[in-house]
Amino acid sequence: MSDQDRPQIYLVTPPEFDLSSFPARLETVLQGADIACLRLSLATHDEDRLTRAADAIREVAHRADVALVIDTHVVLAKRLGLDGVHLLDGSRTVRHARKELGPDAIVGAYCSQSNHDGMSAGEAGADYVSFGPVSGSLGDGELADHELFYWWSQMIEVPVVAEGGVTLDQIKTLSSVTDFFAIGEEIWSTDDPLATLNSFVAAMG
């Protein structure tokens, strides 16, 4: 697989991190790997916490010329001047987000395992859709399988992201049928996030 055909990395922050230390860890990864986009994905809904986190990592992201989007919070994306939003409710709020953020913003939609929801999101103006999880037993245990990504890659032009429990095996299996891998806890939970990420990239072939 050529570099041009290889999926890109869509980096996701941990659901919780220390503002005093995480920006430096993030900078190491952004400077050491080719990252297409960064997503702020905190578990908290505390506005002050989200704002401070966004301010801290936006500087790191923009120094590396990497776009920064935030989970769910369209209002914060607009107020903080972020590059866009990643929606977790499928296609339901894509039109609203696009209207609020304008034509140049990144609007993505997580659509679980539903190609119908993915198509609806694309028609509503999403720049990409993501399907997952691709492994594990979280949630209801349903997985986004190879067949879904294969069908999407053959039939739909909207870029697709594979996320949720990305493993080396899933990287090898899905690299030919996805445009991006969303990688987050898979690397941040390890001692050397950059080395782990580079092993994933190497597995793409």
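**The largest pocket and the overall fold**

In this predicted model, the largest pocket holds about 410 Å³ of space. Its lining is formed by 22 residues, and those that lie nearest the centre of the pocket are Val-12, Thr-13, Arg-39, Ser-41 and Asp-71. When the residues of this lining are sorted by chemical character, nine are nonpolar, eight are polar and five are charged. Two elements of secondary structure, the strand β8 (180-183) and the helix α8 (185-188), each supply at least two residues of the lining.

The protein chain as a whole contains nine helices and eight strands. Its radius of gyration is 16 Å, which is close to the 17 Å given by the globule rule for 205 residues, and the chain is therefore as compact as a globular protein of that length. Taken along the principal axes, the box filled by the C-alpha atoms of the chain is roughly 40 × 40 × 35 Å.

The burial of residues and the contacts between them add to this description of the chain. Of the 205 residues, 50% are buried, a residue being counted as buried when its relative accessible area is under 20%. Among the contacts in the chain with a separation of 6 or more, 56% are accounted for by residues that stand 24 or more positions apart. The accessible surface of the protein chain amounts to about 9800 Å², and carbon and sulfur atoms contribute 48% of this surface.

Note on methods:
Residues numbered from 1 in each chain as written. Predicted model: local features only at pLDDT ≥ 70, side-chain atom pairs only at ≥ 80, totals over all residues. Heavy atoms only, no water. 1 Å grid on protein atoms, 1.4 Å probe; cavity = no way out; pocket = protein on both sides within 12 Å on 5 of 7 lines; lining within 4 Å. Points joined across faces, edges and corners; volume = space filled by probe spheres on them. Helix = DSSP H or I, 4+ residues; strand = E, 2+ residues; numbered from the N terminus. Nonpolar A, V, L, I, M, F, W, Y, C, P; charged D, E, K, R; others polar. Rg over C-alpha atoms; globule rule 2.2 N^0.38 Å. Buried < 20%, exposed > 50% of the residue type's maximum accessible area, 1.4 Å probe, protein only. Contact = heavy atoms within 4.5 Å. Areas by Shrake-Rupley, 256 points an atom, 1.4 Å probe, with all protein chains shown as cover.
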